[in-house]
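Got the model open? Let's go through it one question at a time, with the cut-offs spelled out as we go.

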Amino acid sequence: MRDTEFPTSPHSRLSPLFEILSLPPGSGRDVWTYATVGMSEGMRNPIELHMLSLRASAEVPELLAAVASYHREIGGMRLGDTVDFGKPWIGESPCEHGLLSLPYLDGPTTEIADLGNGARISCYWLLPITRSEVDFKKENGLDALETLFEASLFDYLEPLRRPVV
């Protein structure tokens with residue numbers, strides 16, 4: 001999907017090369033994967049993001065496009081940052097924020113894309129989280145929040161999941 005398919009969001013800062021890939025379930029993954037391409041075009045320390053969904057969604061690409069626009073507006077985000085979506089992730093989800101997380105489900109080989117000539121892009125998972133989880137991270141740090149996630153065995157794909165804090 002190209003940026004021009006998002007007329008209700010402010011994407012004037014995005015590169016004309018920006019797009020969102022929509023990958024249906026398959027190849028060992030039974031969920032939809034949505035990924036940005038070109039969100040950091042021309043920026044130092046470039047990143048790309050992906051989100052997962054149990055079903056095809058128009059909301060997830062819209063969120064990714066809005067987060068990519070915000071990323072450019074503030075001059076870049078990095079691992080561990082959070083962003084306020086301004087609306088639920090999907091439907092009536094209490095997850096109205098996102099956490100830039102390592103791509104734990106895909107392993108460390110997915111974290112860095114080596115483009116050659118020393119050019120590298122960090123690839124992060126935009127994990128939907130709740131306000132209380134954002135507050136906990138701010139007070140206790142990213143490691144503490146990720147420890148809670150792991151201990152609780154939370155369902156990262158369930159839009160109506162309860163907060164871990």
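**Salt bridges, cores and a one-sided helix**

Student: What is the relative accessible area of Arg-131, and which exposure class does that give?
Tutor: Arg-131 has a relative accessible area of 38%, and the classes are buried for under 20%, exposed for over 50% and partly exposed in between, using a 1.4 Å probe and protein chains only. Keep in mind that this is a predicted model, where local features need pLDDT of at least 70, side-chain atom pairs count only at pLDDT 80 or more, and totals for chains, interfaces and linings use all residues. Residues are numbered from 1 along each chain as its sequence is written, and side-chain values use heavy atoms, with hydrogens and water left out. At 38%, Arg-131 is therefore partly exposed.

Student: Which residue does Arg-131 meet in a salt bridge?
Tutor: For a salt bridge, we want a side-chain nitrogen of Lys or Arg within 4 Å of a carboxyl oxygen of Asp or Glu. Here the N to O distance is 2.8 Å. The two partners both lie in helix H2, four residues apart, which is about one turn (helices are DSSP runs of H or I with at least four residues, strands are E runs of at least two, numbered from the N terminus). The residue on the other end is Asp-135.

Student: And how many salt bridges are there by this rule?
Tutor: Besides the pair within H2, Glu-133 pairs up with Arg-161, with the closest N and O atoms 2.7 Å apart. That second bridge ties together distant parts of the chain, since Glu-133 belongs to H2 and Arg-161 to the segment after H3, 28 residues apart. The count comes to two.

Student: Are Glu-133 and Arg-161 buried or exposed?
Tutor: Glu-133 has a relative accessible area of 0%. Arg-161 comes in at 6%. With values of 0% and 6%, Glu-133 and Arg-161 are therefore each classed as buried.

Student: Which residues of helix H3 are buried, and how wide an arc do they cover?
Tutor: H3 spans residues 142–152, and its buried residues are Leu-145, Glu-146 and Phe-149. They are on the same side of H3, because the arc they cover around the axis (taken from the directions from the helix axis to the C-beta atoms) is only 95°.

Student: Which residues sit on the face of H3 turned away from that side?
Tutor: An α-helix has 3.6 residues a turn, so residues three or four places apart point the same way. The cover over the buried residues of H3 includes strand S5 (97–101), strand S7 (119–129) and helix H2 (131–140). The face turned away from the buried side carries the exposed residues Asp-143, Thr-147, Glu-150 and Ala-151.

Student: Which element gives the most to the largest nonpolar core?
Tutor: A nonpolar core is a set of buried Ala, Val, Leu, Ile, Met, Phe, Trp, Tyr and Cys residues joined through side-chain atoms within 4.5 Å. The largest one has 23 residues, and Leu-49, Leu-64, Phe-85, Trp-89 and Leu-126 have the most contacts inside it. Strand S3 (47–53), helix H1 (59–74) and S7 each supply at least two of its residues. The top contributor, with six residues, is H1.

Student: How many residues does the other core have?
Tutor: This other core lies apart from the largest one. Its members include Val-31, Leu-52, Val-134 and Leu-145. The size is 11 residues.

Student: Which residues does Ser-101 contact, leaving aside neighbours within four places in sequence?
Tutor: Ser-101 belongs to strand S5. It is buried, with a relative accessible area of 2%. Counting contact as heavy atoms within 4.5 Å, Ser-101 touches Leu-79, Tyr-124, Trp-125 and Glu-146.

Student: What about Arg-55: which residues is it in contact with, under that same sequence exclusion?
Tutor: Arg-55 is placed in the loop between S3 and H1, where it is partly exposed with a relative accessible area of 49%. Its C-alpha atom is 9.5 Å from that of Asp-30, 25 residues away along the chain. The contacts of Arg-55 are Trp-32 and Tyr-34.

Student: Last one: in what order do the elements run from the N terminus?
Tutor: There are three helices and seven strands in the chain. Starting at the N terminus, the order is β-β-β-α-β-β-β-β-α-α.
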